[in-house]
Amino acid sequence: NKSIDLQLSLITVLCLNDHLLYSRSHLMSLSLSLSPSVFKNAVCKVYRFQTVDSKWMLVREQMAECTLSFSIPKQLIALYIQEDTCRIQELKDLGELSPHWDNLRKDVISRYDQIIKEYQDTLAELEKLTGPLFKPSCSKGQKYLEFIPINLHTQRMRVMYSFYDVVTVGAPAAHSQGFKNGGLQKLLSKYESEKKSHSTAYQCIYYPPEQTAKAREILCVVSQLQPHISALADQLLQTAQQSSSQPLRDVLKSLEEKVRPANAHSITSALNKPQALNTNHLCTSRNQVTLNVLENTLLESCIILSYFPPELPVATVVWWDELAVLVQSLKKCVAEVAERARRSVSFVLLQEAACSMAQGLQLQQRRDAVFSQALAALACGFAMRLYAGLEDKGFLRQLHAIGLVAQFESLLSTYSEEIGMLEDMEVGISDLHRVTFRITEAASEEAVSLQPTVSGRRDHYTVEVPLPHHAFQALPEELREGKLLRVLPVLFNVGINEQQTIAERFGDISLQERINQKNFEILEGYYKSLTDTVPSECLPCFQTQTDIKELLDTLGQNVVTKKRKNVEILWLAGMICRRMNGIRLTSCKSAKDRTSMSVTLEQCSLLRDEHQLNKDYFVRALDCMRREGCRIENVQKNIKCRKYAFNMLQLMAFPKYYRPPEGTYGKVDS
């Protein structure tokens, strides 16, 4: 690849004391080890460090941009537009409403139209872009780039046959919208409390977020059931023409499982907590949607099935005609259930939108942007981890049996604007629970066919990651069959800068403490499920003997310990993640300065703990990576200057090993 070859020749430099070496053959082989369809514009460095037994080890470091920085957000924006357009149509399909509700519906549709127009304009601007595959830190406040993650890069350190990956990205946050009133976590909490009072003024029932989410889930279930039942009903007719009765009974059993009363009960009971749907404002009797009607319609479908005895005779022409009538009645009943469920849920969502007015949709826009940044980073990490583990049978078994953990490390302070960033980030990462992954076989080995794709709605998205034919066919059967794969996101935050010093002495760090405690419990739960599901042989081997359980216990103790800038929380969470085959992501405001200190520290710690780096060389190796490695190249790419954005006064507040060497920092625009 001529472009890569040119770039590698341009970054060749000389490092004093022979710590930093370059080998073009090494660089090219390393660059090719990552999928060129997703990871591009690689910057590579090779170091030589001394081990405890006075030998030398080669350490290869590679940083790359990711096509998903833009492709995932653009796909999401298109899905947002599609979903909101469908929402408008659903509101129109409610039919004639009373004047009060008709006026509110017009207001809601008008606001959705405005959002769709803004998203269409944003998408059009993004489609025009050419050039770098990342958003530089100096562009984080630009409105048309608000869906794009800040400075998203992958980084890999390789030592012999071992490699260590991390995704670096600016904290997912709505910089273009500002943080004057806080971030999503605070804004959503305030919004929910205000919505209760608005609901009285607008004559509608207040539905908590979990209930409206449940309503959407029910509508999704009903929509999925309808084609399944219709297909099985058609299959029943086809099977009835065969001479054997056993296949007919099998189809009948499958059909009964789809429409038996338990399904009706689950739908109605879920919609009936704690209030019934308020449909008093629908004008015509045709649109009077009640839970009893839904349940009775499903029960009617089940009564149709009761006409058939357990032993079915071979069909005659007359008997088949009677069966066809019943099957047609069943399909009609199910279609009516789906239609009435759709209308009832649409009315619930109209009430929610009406009583929340413009504020709710503004928050949704903020949440959309933050989620887009978080998903792009996660998809990048998943693809990188998958490509690295294609020949690891233990990893693949864990992947389909229980899924992976994705550990987000954050270095934001809990002071001033960064509190709002952290509140945005917390919600954005929590929303990743709504995402699953699926591995597919690529249509070809061309780059365009190997790009991950996103589908779904706001309540659930699926990211499909295509693999070339030979790689896909080597996967376990469960993965080849398209099983949905879970990724469990966890977030740990420890502020390290001078603003965190102010927060710890004079401010409030409860947000950080709550986040760390909550996510420790999530991580601990994943570990218990992992040990119950997957044998320990599936997990990677490390030189250090401390087991995961002991590391978790130590992490739990640190999370509840009152200690300033307790970066050991981050070290422990990172170690646990790697030992559980997880995805590592590191963030600060722009993923440029503090993130660089964290990534290089983690790399040197791994060299010391896993590859016998001489302790006398630890600080020298750390300084070398920070002065001449990939991270200073990242700074150069972002601000066109090889200086970390620190000053001496700031660095006095940093933990010791998070300080860059002399001459690599200064006052710059970041």
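At what angle do helix α12 (residues 417-430) and helix α16 (residues 510-533) pack, and how far apart are their axes? The angle is about 20° and the axes lie 11 Å apart; axes are lines fitted to C-alpha atoms over the stretch in contact, with angles from 0 to 180 degrees between N-to-C directions. Helices are DSSP runs (H or I, at least four residues) and strands likewise (E, at least two), numbered from the N terminus.

This is a predicted model, in which local features need pLDDT of at least 70, side-chain atom pairs count only at pLDDT 80 or more, and totals for chains, interfaces and linings use all residues. Residues are numbered from 1 along each chain as its sequence is written, and side-chain values use heavy atoms, without hydrogens and water.

α12 and α16 are therefore roughly parallel to each other (angles under 35 degrees). In α12, Ile 419, Leu 422, Glu 423 and Glu 426 meet Leu 511, Arg 514, Ile 515 and Lys 518 of α16, where contact means heavy atoms within 4.5 Å.

Ile 439 is in contact with residues including Leu 386, Leu 399, Val 465 and Phe 472, leaving aside its neighbours within four places in sequence.

Two residues that are not glycine have a positive phi, as tabulated here. Buried means under 20% relative accessible area, exposed over 50%, and partly exposed in between (1.4 Å probe, protein chains only).

| Residue | Phi | Loop | Relative accessible area |
|---|---|---|---|
| Asn 581 | about 60° | between α18 (568-579) and β11 (583-587) | 3%, buried |
| Gln 612 | about 55° | between α19 (594-611) and α20 (618-628) | 39%, partly exposed |

Notes. Angles under 35 degrees count as roughly parallel, over 145 as roughly antiparallel, 65 to 115 as roughly perpendicular and the rest as oblique.
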